[in-house]
There are 2 protein chains.
Amino acid sequence: MPKQGLVTKPGVRGSRSGRPIMALLDLLGRRWTLRILWELRDGALTSRALRTACDEASPTILQTRLTELREAGFVELTEDGYGLTALGRELFATFTPLNRFAERWSKR
Amino acid sequence: MPKQGLVTKPGVRGSRSGRPIMALLDLLGRRWTLRILWELRDGALTSRALRTACDEASPTILQTRLTELREAGFVELTEDGYGLTALGRELFATFTPLNRFAERWSKR
DNA sequence: CTCTTTGCTACATTTAATGTAGCAACACGC
DNA sequence: GCGTGTTGCTACATTAAATGTAGCAAAGAG
């Protein structure tokens with residue numbers, strides 16, 4: 001039984017109230033999703049290179065997340081490997097300040 | 001066996017390379033974490049109210065996440081219920097643009 | 001044809017989340 | 001005092017997700 005809202009897009013659980021932020025938070029809140037977007041920030045990576053960057057995460061889950069991110073339009077598979085789309089880079093830019101915040105947070 | 005890095009703070013898996021962003025992404029990447037921060041944006045909620053806001057997520061996992069967020073210093077329990085700390089509001093502010101992005105994303 | 005790398009999948013094991021129930025502590029009236 | 005309700009939180013069995021290891025088919029290089 002699906003929780004966390006009803007299905008609004010293929011593979012993306014979203015809010016019943018039509019709040020896209022819920023669908024986005026759900027997608028980003030899945031394990032490795034944020035990390036993948038983060039690791040692709042400087043350019044495309046092959047699936048193997050991405051796996052190495054993600055601390056040897058299991059290929060099963062990476063493949064699952066990559067498929068979700070591709071369906072969401074954030075990631076695409078090019079001849080250089082997996083890379084962020086224009087939309088994906090836009091998304092990444094919205095939480096770029098997170099890096100600076102993390103530095104300050106770690107010093108608390 | 002813990003993956004996704006070594007333990008740097010209690011309950012927060014982080015990067016071995018001392019990159020706090022990894023610890024933060026790991027924490028934020030756990031189910032319901034982003035959602036909880038989002039639901040607390042307008043003020044404190046009691047545990048029950050938060051549960052309702054989070055679409056009746058199980059109290060077990062909410063409690064787990066709240067404990068993690070409290071240890072991380074983002075959430076505190078006041079007499080009004082659970083609320084964001086100053087640090088938590090700061091964190092929230094860093095991904096506020098996400099809301100506008102989500103709106104545009106849903107119209108793609 | 002061999003060797004390597006790519007994207008991707010199978011599958012058994014382990015871990016995390018869910019759903020339901022309920023407890024102890026505290027406040028309200030009465 | 002006694003009930004009634006709410007709060008924060010926990011137990012525990014069931015279900016879903018992630019992990020770890022292995023390996024396949026396709027494409028390219030030599």
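Start in chain B: select strand 3 (residues 75-78) and strand 4, which pair in the antiparallel sense over four bridges. Two strands count as paired if DSSP finds at least two bridges between them. Strands here are DSSP runs of E with at least two residues, helices are runs of H or I with at least four, and both are numbered from the N terminus. This is a predicted model, in which local features need pLDDT of at least 70 and side-chain atom pairs count only at pLDDT 80 or more, while totals for chains, interfaces and linings use all residues. Residues are numbered from 1 along each chain as its sequence is written, and chains are lettered from A and ligands numbered from 1 in the order in which they are written.

**The hairpins**

Stay with chain B and select E76(B); which residue is its bridge partner in strand 4? The partner is G83(B). Two residues join strand 3 of chain B to strand 4 of chain B, making a hairpin. In a regular strand the side chains alternate between the two faces of the sheet.

Next, select residues 75-78 and 81-84 of chain A. These are strand 3 and strand 4, which run antiparallel and are joined by four bridges. Select L77(A), and Y82(A) in strand 4 of chain A is found opposite. The two strands of chain A form a hairpin with two residues between them.

**The two chains together**

Now show chains A and B whole. A turn of 180° with a shift of 0.0 Å along the axis lays chain A on chain B with an RMSD of 0.0 Å. The copies are superposed by least squares on the C-alpha atoms of residues with pLDDT of at least 70 in both. That is the relation of a two-fold axis. To find the axis from chain A, select G29(A): its C-alpha is the nearest in that chain, 2.3 Å from the axis.

Select the contact between the chains, which takes 31 residues from chain A and 31 residues from chain B. Residues are in contact if their C-beta atoms, placed from the backbone, lie within 7 Å. On the chain A side, helix 1 (20-28), helix 2 (33-39), helix 5 (86-94) and helix 6 (97-106) each supply at least two residues. Helix 6 of chain A gives the most, with eight residues. By class, the chain A side has 16 nonpolar, eight polar and seven charged residues. Ala, Val, Leu, Ile, Met, Phe, Trp, Tyr, Cys and Pro count as nonpolar, Asp, Glu, Lys and Arg as charged, and the others, Gly among them, as polar. The copies meet through the same surface, because 100% of the interface residues of chain A are also interface residues in chain B.

**A crossing of helices**

Select helix 1 of chain A and helix 6 (residues 97-106) of chain B. How do they cross? Their axes come within 8 Å and cross at roughly 100°. The axes are lines fitted to C-alpha atoms over the stretch in contact, and angles run from 0 to 180 degrees between N-to-C directions. The two helices are therefore roughly perpendicular to each other, a term for angles of 65 to 115 degrees. From helix 1 of chain A come P20(A), I21(A) and L24(A); among the residues they meet in helix 6 of chain B are L98(B), A102(B) and W105(B). This contact has six nonpolar, two polar and one charged residues.

**The DNA**

Select DNA strand C. Of the 22 residues around this strand, T46(A), S47(A), P59(A), S58(B) and I61(B) come nearest. A residue is near a strand if its C-beta atom, placed from the backbone, lies within 6 Å of it. Helix 3 (47-53) and helix 4 (59-71) of chain A, with helix 4 (59-71) of chain B, are the elements that give two or more residues.

End with DNA strand D, which 22 residues surround; the closest are S58(A), I61(A), T46(B), S47(B) and P59(B). By class, the surface near DNA strand D has nine nonpolar, nine polar and four charged residues.

Technical notes:
Contact = placed C-beta atoms within 7 Å. Parallel < 35°, antiparallel > 145°, perpendicular 65-115°, else oblique.
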